[in-house]
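Here are a few exercises to work through with the model open beside you. Try each task before reading its solution.

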Amino acid sequence: MKYDLLVFNIGQLILPDGNSGPQKGKNMAQLNIMEDAAFAVQDEKIAWIGASKEAVGLSAKEEKDAGGKVVSPGLVDPHTHLVFGGSREHELGMKQAGMGYLDILANGGGILSTVDATREASEEELFEKASFHLERMISHGVTTVEAKSGYGLDSATELKQLKVAKRLKEVYPVDMVSTFLGPHAVPPAYKGREEEFLQEMILLLDVIRSAGLAEFADIFCETGVFSIEQSRQFMQTAKDKGFGLKIHADEIDPLGGAELAASLGAASADHLVAASDEGIQKLAENGTVAVLLPGTTFYLGKDQFARARKMIEEGVAVALATDFNPGSCVTENLQLIMSLAALKLKMSAEEIWNAVTVNAAYAIGRGGEAGVLEIGKSASFVVWDVPNYQYIPYHYGVNHAESVFAGGKKVWERMPHSNVKLSAAMEANRF
Ligand SMILES: N=CN[C@@H](CCC(=O)O)C(=O)O
Ligand SMILES: [Zn+2]
C-alpha cells in the first residue's frame with residue numbers, strides 16, 4: 001500500500017479526544033500526546049497513526065520529516081466576523097478618551113460605522129478583503145472558521161455578506177461555517193421601532209435557510225441592543241426553522257443570556273464576561289459550549305475577564321475564539337488568544353488545546369470531525385516550530401506555524417529562514 005503522504009519524526013503529536021462530546025470540566029485537562037509519532041494520509045484522510053519507528057516500513061508518494069517538532073490538528077476558530085467593509089482605527093482615540101464600547105455604538109459609531117462601510121462595498125470588494133483576513137488566519141494554523149454576517153442589518157447586505165462567506169468556502173480548502181447575525185445592532189433608521197426591525201430579521205430566516213446560506217443564527221443580547229425577550233423570540237423562531245443557535249451573551253451586563261442559551265439548547269453562548277453563577281450552572285447542565293473571547297476583553301481595555309476557572313470547575317465545556325472583527329478584537333491570530341487564555345483566564349495548556357480544537361468544533365456543529373486527528377477523519381493539521389505543546393501559549397504574539405495542511409494538502413508554509421537572511425547564529429538559537 002502506498003499512502004499519499006507520510007509525516008514522521010513528530011516530537012509530540014497532539015491527539016485531542018472528540019468522540020464523546022466536548023471536553024467538560026476536569027476532562028478539559030486531559031490531552032493525549034503521542035511522543036515520537038508518525039501518521040499517514042490517504043485520500044485526504046488520516047489512514048494510519050503510530051510510532052515513528054514503525055513508519056520506517058511504510059511507503060508514501062510524499063514524505064514530511066517533522067524534525068522532532070509538534071503537530072496538532074488544524075485549529076478551529078468558532079467565532080469571527082470575517083466579512084466586513086472598512087476599518088475603525090479612528091475609534092482607538094475615542095477609547096483612550098474613556099468612551100465605552102456601547103457609548104460609541106449609541107452615538108452611531110462602532111458596529112454601525114462598519115455597517116455603513118459594508119453596505120457601500122461591492123460583493124467583490126468584500127470577498128477580496130475577507131480573503132486577505134482568511135489567509136492570515138490559515139497562516140496561523142486555523143483550518144476551520146466560523147464567519148458571521150451582521151454588518152448589513154438589511155436584507156441585501158446581510159445576504160451579500162453570507163454569499164461572500166459561501167464563496168470563500170468554495171474557493172478555500174478549509175471548512176467554513178456560516179452564521180446569520182442579522183440582529184447585531186438596531187439601525188438608526190429604526191430607532192423607536194426596534195420590534196419592527198427584529199421582525200424583518202426574523203423574516204429573513206426563511207430566505208437564508210432555503211438558500212443554504214447559514215447553519216446558525218445569532219443575536220447580540222445586550223443593554224441598549226436586544227433584550228432577553230427579543231433574543232428568546234428570535235432564537236426560538238430560528239430553532240423552529242432548523243438553525244443551530246448561538247448568542248452574544250452577557251458580554252457587558254449580566255442580562256441572563258447564558259441561561260437563555262442553555263434553556264434553548266444553543267450550541268454555544270459567547271463572550272460571557274458577566275455571566276451569572278446560575279448561567280454558568282445552566283451551561284454545564286445543558287451542554288452548551290461557552291465560547292470565551294479574551295482578545296476582546298483585552299482589546300476593550302477591561303480588567304474583568306470571563307470566569308473560565310469557575311466555568312471549568314462547574315463542568316462547562318469551554319472553547320476559545322478570536323472574535324476577529326474591526327472594532328472589538330482586531331486580530332486573526334488564534335495563537336495570541338491561547339496566550340491570553342493562559343495569562344488572563346488562567347487556563348492550563350491542556351485546557352487551551354482542547355478549547356481551540358475539539359470544544360471549538362462542537363461549538364459550530366463540527367464535533368468529532370474538526371479539531372481531531374483520527375483514522376478516517378480529515379487530514380487537517382499544523383506543524384509547529386516549537387519544542388513542546390506548552391510553548392505556544394507561553395511565547396506570545398508571534399506565529400509559530402511552520403506549515404499548515406488541509407485535507408492532506410499543504411495550504412501554507414512559512415518562508416524558509418534562509419530567505420529572510422537570518423544569520424547562522426540566529427538560526428541555531430531561534431527559540
Ligand atoms: N459584541 C458584539 N459584536 C462583536 C463586535 C462587533 C464590532 O464591534 O464590530 C463582538 O462579538 O465583539
Ligand atoms: Zn462577535
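**Exercise 1. Find where E44 sits, and describe its backbone and its exposure.**

Solution. Step one: E44 lies in the loop between β2 (32-42) and β3 (45-51), where helices (H or I, at least four residues) and strands (E, at least two) are DSSP runs numbered from the N terminus. Step two: its phi is near 70°, a positive value in a residue other than glycine. Most residues other than glycine have a negative phi. Step three: E44 is partly exposed at 47% relative accessibility; buried means under 20% relative accessible area, exposed over 50%, and partly exposed in between (1.4 Å probe, protein chains only).

Before going on, two notes on the model. It is predicted, so local features need pLDDT of at least 70 and side-chain atom pairs count only at pLDDT 80 or more, while totals for chains, interfaces and linings use all residues. Residues are numbered from 1 along each chain as its sequence is written, chains are lettered from A and ligands numbered from 1 in the order in which they are written, and side-chain values use heavy atoms, leaving out hydrogens and water.

**Exercise 2. Compare N9 and Q12: which strand holds them, and is each buried or partly exposed?**

Solution. Start with N9, which is found in strand β1. Its phi is positive, near 60°, and with a relative accessible area of 31% N9 is partly exposed. Now take Q12, also in β1 (residues 2-15). Q12 counts as buried at 11% relative accessibility. Finally, follow the Q12 side chain: it reaches the backbone nitrogen of Y389 at 2.8 Å. This is a polar contact (a pair of N or O atoms within 3.5 Å; within protein, one must be able to donate a hydrogen and the other to accept it, and residues adjacent in sequence count only if both atoms are side-chain atoms).

**Exercise 3. Which protein atoms are donors of the zinc ion (ligand 2), and how are they spaced along the chain?**

Solution. First list the donors, meaning N, O and S atoms within 2.8 Å of the metal (3.2 Å for Na, K and Ca); water is not among the atoms, so sites may look incomplete. They are H79 (NE2), H81 (NE2), H248 (NE2) and D323 (OD), at 2.0 to 2.7 Å from the zinc ion. Next, read their spacing: H-x1-H-x166-H-x74-D. Two of these donors join distant parts of the chain: H79 is in the loop between β6 (75-77) and α1 (91-96), and H248, 169 residues apart from it, is in strand β10 (residues 244-249). Last, check burial: H79 is buried at 0% relative accessibility, and H248 is buried at 3%.

**Exercise 4. Which side chains make polar contacts with ligand 1?**

Solution. Look for oxygen atoms of the ligand. A polar side-chain atom of Y151 is 2.6 Å from one, a side-chain N or O atom of H271 is 2.8 Å from one, and for H248 the separation is 3.1 Å. Then consider the cover: ligand 1 taken alone exposes 330 Å², and the protein buries 100% of that (Shrake-Rupley method, 1.4 Å probe; for residues, only the protein chains shown count as cover).

**Exercise 5. What does the start of helix α12 look like, and what follows the helix?**

Solution. At the start, a side-chain oxygen of N333 reaches to within 2.9 Å of the backbone nitrogen of Q335. Along α12 (residues 334-344), buried residues include L334, Q335 and I337. After the helix comes K346, with a positive phi near 60°.
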